[in-house]
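Good morning, and thank you for coming. Please look at the sequence and the structure as they come up, and keep them in view while I speak.

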Amino acid sequence: MADQVFTFDVPTEIDKTVLGGKGCSLMQMSNIGLDVPPFFVIPCQTCVHYMENQSWPADYEAKIWAALKKIEDATGRKFGDSAKPLLLSVRSGARVSMPGMMDTVLNLGLNDESVEGLAKDSGNERFAWDAYRRFIQMYGDVVLGVPHKNFEHILEGLKKKYSAAQDTDLSAEHLKECVAEYRAMVKKTINEEFPKDPKDQLIRAINAVFDSWTNERAVYYRNMHSIDHRWGTAVNVQSMVFGNLGQTSGTGVGFTRDPATGEKMIYGEFLPNAQGEDVVAGIRTPIKISDMESVGGVWPGVYKQLCDNYDKLEAFYKDMVDLEFTVQDGKLYMLQARVGKRTAAAMVRIAAEMVKEGMITEKEALLRQEPNKIGELLHKTFDPKAVRNVVATGLPASPGAGVGRVEFTAADAEARFNAGEPAILVRAETSPEDIVGMTMSQGILTARGGCSSHAAVVARGMGKCCVAGCSAVEVDEEAEQMKINGKVFKRGDWLSLDGSTGEVIEGQLATIAPVFSENFNLILQWADKYRQLDIRTNADTPADAKQAVAFGAQGIGLTRTEHMFFEHDRIYSMREMIVSETAEQRKAALAKLLPFQRDDFIGMFKALEGRPANIRLLDPPLHEFVSQEMDFAPLIKATGKSEEELRAFVDSLAEANPMLGFRGCRLGMVYPEISRMQARAIMEAAAEVQATGLEVHPEIMIPVLNHVNEMEAMRKLVADECEKVLAEKNIKVDYHIGTMIELPRACITADKIAEHAEYFSFGTNDLTQTTTGISRDDYNKFMPVYLDKSVYPFDFFQRIDTEGVGELMKMAVQKGRTTRPGMKIGICGEQTGQESVFFCQQIGLTYISCSPFRVPGARVSAAQAAL
Ligand code: PEP
Ligand code: MG
């Protein structure tokens with residue numbers, strides 16, 4: 001392959017690994033009969049050969065001249081000719097797009113003779129000398145390594161000398177002077193004449209493009225995007241066409257559909273008498289392509305042809321196409337066509353409408369969805385036209401657009417909300433006590449913590465925008481201010497957060513409302529038709545559950561009941577329970593909590609309308625519910641103990657390793673009355689809702705389980721309490737008792753555990769923490785460096801580490817189902833992005849459970865995993 005040259009006139013297989021992206025696009029347009037300026041492509045393999053040998057394959061130069069001859073014949077022009085010269089563009093084009101990273105040379109083939117030819121042929125001397133000046137500048141910079149500023153210096157000097165405000169104010173004579181000065185400067189700088197021989201120019205330009213594959217920018221870009229350094233780039237050599245030859249020429253860019261909304265239309269803009277960069281530079285206002293006909297002259301004809309090309313391109317790509325074109329003397333040339341980038345709204349609309357138009361199948365439409373983008377459709381988003389002043393970037397923990405005034409405590413955020421103003425809550429990290437303030441904020445920004453930190457999990461549950469672990473943020477709560485990269489933000493300053501990118505933006509960025517269109521519903525219906533995994537939701541409140549059901553959740557996969565202990569006055573009873581010395585005292589405090597819990601569960605069962613609810617018993621260590629900063633007065637009143645005694649007790653609860661300490665089922669094993677209260681609350685609620693005629697399917701889940709004996713004991717305890725309630729109420733309820741699988745030992749002994757657990761749910765947050773030995777709350781200190789240096793391929797708390805954690809999961813599935821064939825197994829950890837969903841499908845899980853706002857994206861991911 002390395003010794004081949006691919007020319008425009010010989011249709012060839014479209015293979016990006018050979019021709020690169022741009023080469024494929026040229027070849028494809030040529031194959032379907034569009035007018036493309038004649039070209040040839042030097043494949044990526046030749047670049048690889050050059051990198052390995054510092055030379056071209058044997059006889060390669062002769063092949064280049066043969067290919068060049070074809071371009072000459074097709075255009076009726078000659079390379080270096082003094083009458084009708086052929087000019088070339090030489091561009092890089094890797095198999096994946098690396099925008100702006102490698103080099104390009106335009107107008108190649110100009111010298112003192114051919115510039116005269118170009119002047120005569122175009123009838124425009126100024127145009128010819130301007131092209132020559134641009135060529136020397138570009139070639140000098142890219143190929144000869146002459147600093148760009150040397151050229152700028154000369155050009156600026158001439159503009160001053162001739163009082164020219166713009167480059168365009170320089171005449172042909174001025175430009176001739178410029179070319180002479182450029183050439184003298186080049187000679188002085190590199191001690192070599194600017195190459196005059198066009199063939200010499202071409203060979204060196206091709207080598208420069210090869211070399212640009214390994215320039216610093218390109219290597220950095222490839223590292224960032226995990227692109228293989230061994231691929232090399234193709235080189236596209238193409239006949240130049242000019243859009244700046246007068247009013248019958250021009251240049252433009254377009255899309256076959258509106259890339260923002262997806263609407264089918266002739267979208268794009270053009271400028272008569274202009275070059276490509278003029279459209280992008282924004283100096284002159286371009287004209288809409290849809291208004292092209294009204295320009296008159298050659299343009300109505302061009303418009304007709306362009307419409308025809310739009311149709312041909314869509315029919316060929318079967319997708320929205322992004323295209324570039326140039327018109328030279330009334331003749332339309334296509335320069336680039338590729339599948340275009342689009343917003344989430346456009347992604348959905350284009351796919352759905354193309355199915356309706358019979359262009360693609362439902363499955364193809366589903367495979368084109370980017371599930372991570374779907375979140376954008378459920379949240380308010382920033383106006384793409386608004387200018388962003390980004391001051392820092394953290395983890396994109398929960399999507400959405402949050403705009404408000406900065407507050408540093410939950411209480412202040414709440415007060416601002418109550419005063420009718422939007423707040424952004426900024427904390428070093430959040431804790432359960434911040435919940436109310438979080439609910440009332442437009443967005444949450446934390447300096448510490450990862451994607452499974454408290455702030456992230458809770459914000460996702462609320463569908464609230466959150467940027468977490470933004471280490472550039474230095475919060476000074478006392479001074480009521482923060483510093484971000486040296487800039488001070490005070491209480492009340494406006495801040496905007498983009499939860500989809502992790503960007504922290506200064507000021508009040510404009511937002512636009514979410515769209516939940518008919519087409520979106522259609523895509524989701526198709527997803528449900530093809531997927532095999534069930535989609536449940538993590539929900540702690542009836543409002544969350546309701547929202548998730550509206551988004552298509554088939555039940556609850558995890559209710560973290562601890563969040564229910566924080567609201568309103570319940571926390572006081574919880575604290576009373578914690579400081580109890582006897583089981584009797586504890587039961588008395590628990591009795592106060594029971595009605596609250598029961599009401600919560602009643603709300604959940606109602607919101608679920610017959611769908612199953614997997615409710616987890618209390619998990620976190622008890623010390624999370626108390627602190628030295630809390631108000632001790634209610635506790636003193638309730639217990640009769642002194643403040644000192646109570647403070648000492650609070651201290652005694654501290655643990656060196658709380659995540660490995662007295663938490664999860666260990667709480668229930670030591671204080672069975674806590675688990676009994678929760679089981680009772682669940683079953684009393686179930687009985688009450690069932691009595692209203694609604695179906696209920698409670699599932700009671702034991703957390704942080706390690707040993708089969710824990711499972712056996714907890715099951716007995718919970719089942720005993722459930723049966724008691726059912727006997728008291730004299731009804732039957734379909735309930736099940738299962739466990740979280742979130743410790744390696746539980747995976748390894750899953751066959752034994754399954755003897756007593758009716759179902760499993762993987763808690764991959766803890767399972768990742770305990771398998772990898774990485775604290776889920778502290779990893780931000782080193783993870784960014786690890787990711788930068790590719791020590792880890794990705795953040796294991798964001799995506800399942802299939803090689804490590806995933807192997808344990810596989811083992812647990814296999815062992816669990818050996819004991820209990822077909823047992824229900826789900827996942828409720830935070831790793832429910834696309835790759836993780838694929839893995840869950842692969843290892844045969846029954847369902848995945850994610851936060852309500854991820855449910856629609858997960859439905860699509862699950863369909864993709866099944867296709
Ligand atoms: C888990 O560990 O994955 C889990 C879902 O539980 P939590 O995050 O509450 O520990
Ligand atoms: Mg856990």
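Strand β18, residues 443-446, and strand β19, residues 465-468, run parallel and are joined by three bridges. Within this pair, Ile 444 stands opposite Cys 466 of β19. I should say at once that the model is predicted.

These two strands belong to an open sheet of eight strands, and its order is β14-β24-β23-β16-β17-β18-β19-β15. The pairing in this sheet is mixed. Which strands lie at its edges? They are β14, residues 390-393, and β15, residues 395-398, and each of them pairs on one side only. On average, neighbouring strands of the sheet are turned by 30° against each other, direction ignored. A helix also packs here: α15, residues 410-418, lies across β16 (401-407) and β17 (423-427). With respect to β17, helix α15 runs at about 180°.

Let me turn to the other sheet. An open sheet of five strands has antiparallel pairing and the order β10-β9-β8-β11-β12. At the edges stand β10 (287-288) and β12 (331-339); each has a single partner strand, so one side of each is left without a neighbour in the sheet. The partner of β12 is β11, residues 321-328, and the two pair in the antiparallel sense over eight bridges. To follow the register, note that Val 321 stands opposite Val 339 in β12, while Asp 322 has Arg 338 as its bridge partner. The hairpin of β11 and β12 has two residues between the strands, and in this hairpin Asp 329 takes a positive phi near 50°.

Now for a pair of helices. Two packed helices are described by the angle between their axes and the distance between the axes. For α6 (residues 148-161) and α7 (residues 172-190), the axes come within 10 Å and cross at roughly 150°. The crossing of α6 past α7 is right-handed. On the α6 side the contact is made by Asn 150, Phe 151, Ile 154, Leu 155 and Leu 158. Helix α7 contributes residues including His 174, Glu 177, Tyr 182 and Met 185. By class, this contact of α6 with α7 has seven nonpolar, three polar and two charged residues.

Next, the ligand. Which element gives the most to the shell around ligand 1? Helix α29 does, with three residues. Both α29 (764-772) and strand β27 (556-560) supply at least two residues of that shell. Among the residues around ligand 1 are Leu 558, Arg 560, Asp 619, Glu 742, Thr 764, Asn 765 and Asp 766. Sorted by class, the shell has two nonpolar, four polar and four charged residues.

Finally, the overall division of the chain. The domain assignment gives domain 1 as 6-239, domain 2 as 250-342, domain 3 as 379-512, and domain 4 as 518-563 + 610-618 + 672-866. Taken over C-alpha atoms, the centres of domain 1 and domain 4 are separated by 58 Å. Thank you for your attention.

Key:
Residues are numbered from 1 along each chain as its sequence is written. Chains are lettered from A and ligands numbered from 1 in the order in which they are written. This is a predicted model: local features need pLDDT of at least 70, side-chain atom pairs count only at pLDDT 80 or more; totals for chains, interfaces and linings use all residues. Domain bounds come from an automatic or database domain assignment. A residue is near a molecule or strand if its C-beta atom, placed from the backbone, lies within 6 Å of it. Helices (H or I, at least four residues) and strands (E, at least two) are DSSP runs, numbered from the N terminus. Ala, Val, Leu, Ile, Met, Phe, Trp, Tyr, Cys and Pro count as nonpolar, Asp, Glu, Lys and Arg as charged, and the others, Gly among them, as polar. Axes are lines fitted to C-alpha atoms, for helices over the stretch in contact, and angles run from 0 to 180 degrees between N-to-C directions. A crossing is left-handed if the near helix is turned anticlockwise from the far one by less than a right angle, and right-handed if clockwise. Two residues are in contact if their C-beta atoms, placed from the backbone, lie within 7 Å. Two strands pair if DSSP finds at least two bridges between them.
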